[in-house]
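Open the model in your viewer and keep the selection box handy. We will walk through a few strands, then a pocket, a helix and a cavity.

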Amino acid sequence: MNYTYKELQNGSDIRGVALEGVDGEEINLTQQAVKDLAMAFSQWLQQKTGKEQVKIAIGRDSRLSGPALEQAVIDGLLLTGDTILECGLSTTPAMFMATQFPQSNCDGAIMLTASHLPWNRNGMKFFTKEGGLESKDILSLIQLADTLEESGKPFGSLSKFDLMDLYAIHLQNLIKEQVQADDYEHPLKNLHIIVDAGNGAGGFFATKVLGPLGANISGSQFLEPDGHFPNHIPNPENKEAMESICQAVKDHQADLGLIFDTDVDRSSAVDENGDPIARNSIIALAALIAAKKNPHTTIVTDSVTSDELHDFLEQKGMRHHRFKRGYKNVINEAIRLNQEGIDTQLAIETSGHAAFKENFFLDDGAYLAALIVAYALKNPLSKTLNDLKEPLESEEVRIKITNNDFKEYGENVIHEIHKKAEHAPYISFADSTFEGVRLNFDSEHGDGWLLVRMSLHDPILPCNLESKKEGGVETMKTWLKEALYDKTDLDLSVLEA
């Protein structure tokens with residue numbers, strides 16, 4: 001074989017172009033690639049479990065390429081002799097739960113999704129009973145897939161399995177237990193909740209979870225799966241998506257809004273006034289929920305969280321622990337802290353990936369949404385987050401690196417920024433920095449902070465800036481541009497005012 005599937009690795013996932021239709025983007029996530037990677041996962045899982053044949057669940061989100069790639073996975077797993085549960089339209093967290101529910105009891109699961117990426121993309125996420133695979137595991141799969149040779153006839157077994165009904169009942173029971181209402185079967189009968197699924201896989205939350213519990217779900221939008229994503233990008237971080245759900249809550253005078261990404265491993269919310277609960281505020285809300293039973297717990301977040309959020313968590317009695325960006329990074333850090341004896345109930349990224357210790361440290365947008373629903377029944381969300389201050393200005397700029405060895409070049413740039421900041425008396429360094437360099441600027445020179453780091457996978461330096469005063473972000477951007485003026489392998493045009 002004269003090629004490798006290494007280009008498809010995206011950290012702990014597989015992602016690639018699955019359909020034609022976008023100029024300059026050729027298909028690399030082919031049906032053959034998906035088949036080979038599925039067979040490699042089976043072989044890897046057989047070695048891990050010591051079993052000659054394993055039981056694997058397969059599901060997909062609403063992407064147009066999903067059915068064809070799902071069939072490719074099935075074709076590959078049949079050749080390995082596996083028992084296959086075909087789950088159809090599913091969510092990523094539900095696929096992990098297929099390894100936990102006694103009714104399915106799978107050794108592993110494969111989810112076909114590319115999260116919020118454009119319609120022509122797709123990908124693969126892999127699970128065992130211990131959780132999602134790590135980057136090193138994905139590399140092992142790729143190495144196996146690169147050398148696989150098909151032989152023999154299919155001898156596995158295939159059956160359809162209604163995973164999402166089972167998962168919906170699981171979430172219903174979670175809400176019932178949290179609320180403990182007099183009407184145990186219909187605890188949400190006085191709550192009007194609007195769900196925006198963005199035409200991804202999250203529509204079930206309205207019709208199979210909230211509705212049966214008595215909630216008024218009128219006004220919910222874009223529940224129908226549609227891989228063209230015709231209304232807005234299914235991404236809680238997308239400005240148009242959040243504006244859409246906020247307006248829907250206002251128009252229908254609802255008590256709560258919930259919005260999911262395509263495969264429902266992320267979610268955000270909207271309060272009763274139609275104001276968004278996202279980024280800092282979704283972390284704050286999830287942390288308050290986690291702290292109900294564990295008031296002094298540690299909350300692990302990614303590195304770009306605001307100082308205002310840090311102050312809020314500490315004032316509420318929790319400990320805030322920043323770590324590297326990447327949902328697997330914050331989850332693994334939370335697991336590590338617990339192993340060291342530091343109670344850590346929540347790992348959460350600003351993007352909406354929230355993983356609770358009580359839920360296998362699984363980043364599950366529907367699980368978070370269920371907890372928010374139960375919380376909102378007794379606590380108006382706008383008042384709950386009243387104490388959370390927000391920076392006056394915030395921005396992210398992404399500086400492209402044109403040097404071929406972009407990782408080494410980027411790290412050298414960060415080192416030089418650090419050196420130049422040491423000679424600026426109005427700049428101080430953050431108490432702890434787990435990636436890149438985080439600088440604090442005094443009140444006369446920006447009154448805020450700047451974080452420069454390497455992108456996890458791309459030739460980009462993401463730069464996050466926040467300020468407490470008007471014009472502060474531009475002041476810090478000007479300093480950064482001057483600090484990098486001699487770097488010819490950087491596109492500094494994004495730093496222009």
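**Stop 1: a run of strands**

Select residues 256–260, strand S10, together with strand S11: the two run antiparallel and are joined by four bridges. Bear in mind as you go that this is a predicted model. Now pick Leu258, and you will find Ala269 of S11 standing opposite. Between the two strands of this hairpin are six residues, and Val264 there has a positive phi near 65°.

Next, show the side chains of S11, residues 267–270. Which residues point which way? Ser267 and Ala269 point to one side, Ser268 and Val270 to the other, and all are buried.

Carry on to strand S12, residues 276–277, which pairs with S11 in the antiparallel sense through two bridges. Click Ala269 again: its bridge partner in S12 is Ile277. The hairpin of S11 and S12 has five residues between the strands, with Gly274 at a positive phi near 85°.

**Stop 2: the second largest pocket**

Centre the view on Glu130, Gly131, Gly132, Leu133 and Lys328, which lie nearest the centre of the second largest pocket among its 27 lining residues. The space in this pocket comes to about 430 Å³. To see its walls, colour the elements that give two or more residues to the lining, including helix H1 (31–49), helix H4 (135–147), strand S6 (121–128) and helix H10 (327–339). Which element gives the most? H10 does, with five residues. Colouring the lining by class should give you 11 nonpolar, six polar and 10 charged residues.

**Stop 3: along H10**

Stay with H10 and check the distance from its first C-alpha to its last: its 13 residues reach 19 Å, close to the 18 Å expected at 1.5 Å a residue. Then select Tyr327, Lys328, Val330, Ile331, Glu333, Ala334, Leu337 and Asn338, which are buried in this helix. In an α-helix there are 3.6 residues a turn, so residues three or four places apart point the same way. Just after H10, pause at Gly341, where phi is positive at about 90°.

**Stop 4: an enclosed space**

How many cavities of 30 Å³ or more does a search of the whole structure find? It finds two. For the second largest, with about 30 Å³ of space, select the lining: Asp307, Glu308, Pro391, Asp447, Gly448, Trp449, Glu466, Ser467 and Lys468. Helix H9 (307–315), strand S21 (448–452) and strand S22 (460–467) each give two or more residues to that lining. By class, the lining of this cavity has five charged, two polar and two nonpolar residues.

Methods:
Residues are numbered from 1 along each chain as its sequence is written. This is a predicted model: local features need pLDDT of at least 70, side-chain atom pairs count only at pLDDT 80 or more; totals for chains, interfaces and linings use all residues. Side-chain values use heavy atoms; hydrogens and water are left out. Buried means under 20% relative accessible area, exposed over 50%, partly exposed in between (1.4 Å probe, protein chains only). Two strands pair if DSSP finds at least two bridges between them. On a 1 Å grid over the protein atoms alone, a cavity is a set of points where a 1.4 Å probe fits but cannot get out, and a pocket is an open set with protein on both sides within 12 Å along at least five of seven lines; lining residues have an atom within 4 Å of a point. Grid points are joined across faces, edges and corners, and a volume is the space filled by probe spheres set on the points. Ala, Val, Leu, Ile, Met, Phe, Trp, Tyr, Cys and Pro count as nonpolar, Asp, Glu, Lys and Arg as charged, and the others, Gly among them, as polar. The expected span of a helix is 1.5 Å times one less than its number of residues.
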